[in-house]
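Here are a few exercises to work through with the model open beside you. Try each task first, then compare your steps with the solution.

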Amino acid sequence: MSYPKQNILFDLDDTLVHCNKYFDLILNHFFDLLQEWFASHNLTRNAIREKQIEIDVAGVHQVGFASEHFPQSLIDTYQFFSEQFGRRTDAREEQELRSLGRSVYEQEIEPYPGMAETLNSLQKAGHSLHLYTGGEQVIQEKKIKQMKLATYFDDRIYIRQHKNVEALEEIIQMNRLDRNITWMIGNSLRTDVSPALAAGIHAVYLKQPKEWIYNMVEMVELQKNANSVMYTIQKLTEVPRVIHESIQLHQQKRTLG
């Protein structure tokens, strides 16, 4: 069965490739270090986690997805507790934390289950695939190259420091995308779904069992355009079915008048 060609924008991190799980591995090591260094103060993992999240989220709001932000959030957290407990900071410890934070970008890239299957299916159906990701150019390009994603997206790849409605609007207008047949697929309510609905395009939310707190917004806060539709899925491989069923439903409504 053939379907009207759609414009489908995919997020990269934690939609097509794994990302958050590597940050979690680094953070667990970070928690161990701080508990060791502050052992005499009975510093709990939960206290460290809450402060690092607070610093991390505040920083992303300011600087976007800059690579040095995450390592700096570890150092800032360390400095916060050093001041709180009157413990002198150590340049060697700070350098260890910076190296630890940077190591998250050196992890081997791993595709999400069904990545190739999903992209192949949509490409075979004739849809126009676009990749829209947040982060630094060099880091994201490395992931894209390792996963050979240009096979699916060609030059329709957009890397932005901030992912918001303004950045999405720029992409839509630059490519003259028809909003009625344009979709955003991603795991972030904040940077994928919310901007898509505000821009009047459709959205597919790939819900994660464990999500980075920055990505979360309340569902009631989502401002949906009257012409937009939103679906929530658990697996990436559900994307082709959801889009094609939505197209069929739209066609039936038009037929019925």
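**Exercise 1.** How do the residues of the lining of the largest cavity divide into nonpolar, polar and charged?

*Solution.* A word on the ground rules before the steps. This is a predicted model, in which local features need pLDDT of at least 70 and side-chain atom pairs count only at pLDDT 80 or more, while totals for chains, interfaces and linings use all residues. Residues are numbered from 1 along each chain as its sequence is written, and side-chain values use heavy atoms, leaving out hydrogens and water.

Step 1: list the lining. His-18, Cys-19, Tyr-22, Phe-23, Val-104, Tyr-105, Glu-106, Gln-107, Ile-109 and Lys-143 line the largest cavity. A cavity is a set of points on a 1 Å grid over the protein atoms alone where a 1.4 Å probe fits but cannot get out, and lining residues have an atom within 4 Å of a point.

Step 2: sort by class. Ala, Val, Leu, Ile, Met, Phe, Trp, Tyr, Cys and Pro count as nonpolar, Asp, Glu, Lys and Arg as charged, and the others, Gly among them, as polar. The result is 6 nonpolar, 2 polar and 2 charged residues.

Step 3: add the volume. The largest cavity has about 80 Å³, where a volume is the space filled by probe spheres set on the grid points, joined across faces, edges and corners.

**Exercise 2.** Which residues line the second largest cavity?

*Solution.* Step 1: the lining consists of Tyr-105, Ile-109, Ile-139, Lys-142, Lys-143 and Gln-146.

Step 2: by class, this lining has 3 nonpolar, 1 polar and 2 charged residues. The second largest cavity holds about 40 Å³ of space, and a search of the whole structure finds 2 cavities of 30 Å³ or more.

**Exercise 3.** What is the geometry of the aromatic pair formed by Phe-23 and Phe-70?

*Solution.* Step 1: recall the rule. Rings of Phe, Tyr and Trp (its six-membered ring) pair if their centres lie within 6.5 Å; planes under 30 degrees apart count as stacked, over 60 as edge-to-face and the rest as tilted. The structure holds 11 such aromatic pairs.

Step 2: apply it. Phe-23 and Phe-70 are 4.7 Å apart centre to centre, with 80° between the planes, and the pair is edge-to-face.

Step 3: place the rings. Phe-23 lies in helix H1 (residues 20–37) and Phe-70 in helix H3 (residues 69–85), so the pair ties together parts that are 47 residues apart in sequence. Helices here are DSSP runs (H or I, at least four residues) and strands are runs of E (at least two), numbered from the N terminus.

Step 4: check burial. Phe-70 counts as buried at 4% relative accessibility; buried means under 20% relative accessible area, exposed over 50%, partly exposed in between (1.4 Å probe, protein chains only).

**Exercise 4.** Are Phe-80 and Phe-81 buried or partly exposed?

*Solution.* Step 1: Phe-80, at 32% relative accessibility, is partly exposed, while Phe-81 is buried at 4%.

Step 2: Phe-80 and Phe-81 form an edge-to-face pair, 5.1 Å centre to centre and 80° between the planes. Both belong to one aromatic cluster with Trp-37, Phe-38, Tyr-78 and Phe-85.

Step 3: look for charges. The charged end of Lys-51 sits over the ring of Phe-80, 4.0 Å from its centre, and Arg-87 lies over the face of Phe-38 at 5.1 Å from the ring centre. The criterion is NZ of Lys or CZ of Arg within 6 Å of the ring centre and within 35 degrees of the ring normal.

How values were computed:
1 Å grid on protein atoms, 1.4 Å probe; cavity = no way out; pocket = protein on both sides within 12 Å on 5 of 7 lines; lining within 4 Å.
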